[in-house]
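Good morning, everyone. Please look at the screen while I walk you through today's protein.

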Amino acid sequence: RMLATPWAEWKRLVVDDLARVSEAKLRARALSATGLLNLFCLQFVRGKSNDEALAAFTRIAHLAADVIQAESGQDAFLRLLSWLHEAADFDPERLRPIVAAAAGPAAEELVMNAAERLRREGRAQGQAQGEAQGRIEERRALVSRQLTRRFGPLAPAHEETLRSADPDQLERWALRLLDARSIDEVFAGD
């Protein structure tokens with residue numbers, strides 16, 4: 001009988017529009033410190049300038065201290081710092097004095113280590129992206145040289161097609177140009 005019932009009749013979707021919840025009502029919710037800290041960051045930190053986010057975080061530093069001191073709290077706090085860095089474009093290093101005042105020097109060191117780890121990860125990610133983009137550009141240049149050698153100077157439309165190509169297209173074209181009788185055959189179907 002349950003399977004025959006339309007989904008909407010037995011499932012209830014709850015939407016919590018945090019933009020409509022005051023700070024006082026948010027604080028009054030019966031949630032763990034981790035839950036409150038996460039909701040608070042979603043409402044008052046995400047999408048704000050670093051200065052606005054810092055001011056908001058200052059108001060809830062006691063929650064950060066409670067989270068850090070809870071069992072598995074440091075992991076939860078590190079995940080929040082990572083989210084702040086990635087999604088809210090916030091520099092966790094700026095939280096160091098606030099967290100230190102609320103939770104002590106061990107928490108300050110936790111933030112400092114997390115900020116350094118995020119910077120290292122960001123550099124490594126940027127380097128990997130740069131290297132991948134460099135490989136794509138090399139492949140694009142090679143296909144362009146091969147097309148020019150085989151079919152003569154490229155028309156502006158073909159140059160634009162090459163500039164906007166993804167790696168898979170470049171690979172297909174590199175293989176097609178070995179047998180194609182015209183440049184249009186190389187790009188056919190893409």
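**A walk through the helices**

Let's start at glutamine 169. Leaving out residues up to four places away in sequence, glutamine 169 touches Ser164 and Asp190. Keep in mind that this is a predicted model. Where does glutamine 169 lie? It lies in helix α10, which covers residues 167-176. Is glutamine 169 buried or exposed? Buried means under 20% relative accessible area. Glutamine 169 counts as buried because its relative accessibility is 17%.

Now the whole chain. How many helices and strands are there? The protein chain has 11 helices and 0 strands. Read the elements from the N terminus, and you get α-α-α-α-α-α-α-α-α-α-α.

Next, overall dimensions. The C-alpha atoms fill a box of roughly 75 × 55 × 30 Å along the principal axes. The radius of gyration of the protein chain is 27 Å, whereas a compact globule of 190 residues would have one near 16 Å. Of the 190 residues, 31% count as buried. The chain exposes about 12,200 Å², and carbon and sulfur atoms supply 52% of that area.

What about contacts along the chain? Take those with a separation of 6 or more. Residues 24 or more positions apart account for 53% of them.

A word on charge. The protein chain has 27 positive and 29 negative charges. The mean positions of these two groups are 4 Å apart.

Now zoom in on helix α3. Phenylalanine 40 lies there. With a relative accessibility of 1%, phenylalanine 40 counts as buried. Which residues is phenylalanine 40 in contact with, leaving aside neighbours within four places in sequence? They are Glu23, Leu26, Arg27, Val45, Ala56, Arg59 and Ile60. Here is one distance to find on the screen. Phenylalanine 40 and alanine 87 are 47 residues apart along the chain, and their C-alpha atoms are separated by 14 Å.

On to helix α5. Its buried residues include Ala61, Leu63, Ala64, Ala65, Val67 and Ile68. What covers them? The cover includes α3 (33-44), α4, α6, α7 and α8.

Follow the chain past α5. Serine 72 lies in the loop between α5 and α6. Phi of serine 72 is near 65°, a positive value in a residue other than glycine. Here is the background: most residues other than glycine have a negative phi.

Now helix α7, residues 96-103. Which residues of α7 are buried? They are Ile98, Val99 and Ala103. These three sit on the same side of α7, because they cover an arc of only 100° around the axis. Turn to the face pointing away from that buried side. There you find the exposed residues Pro97 and Ala101.

What do the buried residues of α7 pack against? They pack against α4 (50-59), α5 (61-69), α6 (73-86) and α8 (105-151). Recall that α7 also helps cover the buried residues of α5.

One last stop. Just after α7 comes glycine 104, with a positive phi of about 95°.

Let me recap. The predicted chain has 11 helices and 0 strands. Phenylalanine 40 is buried at 1% relative accessibility, and glutamine 169 is buried at 17%. Helix α7 carries Ile98, Val99 and Ala103 as its buried residues, with Pro97 and Ala101 exposed on the face turned away. Thanks for listening.

Key
Residues numbered from 1 in each chain as written. Predicted model: local features only at pLDDT ≥ 70, side-chain atom pairs only at ≥ 80, totals over all residues. Heavy atoms only, no water. Helix = DSSP H or I, 4+ residues; strand = E, 2+ residues; numbered from the N terminus. Rg over C-alpha atoms; globule rule 2.2 N^0.38 Å. Buried < 20%, exposed > 50% of the residue type's maximum accessible area, 1.4 Å probe, protein only. Contact = heavy atoms within 4.5 Å. Areas by Shrake-Rupley, 256 points an atom, 1.4 Å probe, with all protein chains shown as cover. Lys, Arg positive; Asp, Glu negative; His and termini not counted. Charge placed at Lys NZ, Arg CZ, Asp CG, Glu CD. Arc of directions from axis to C-beta.
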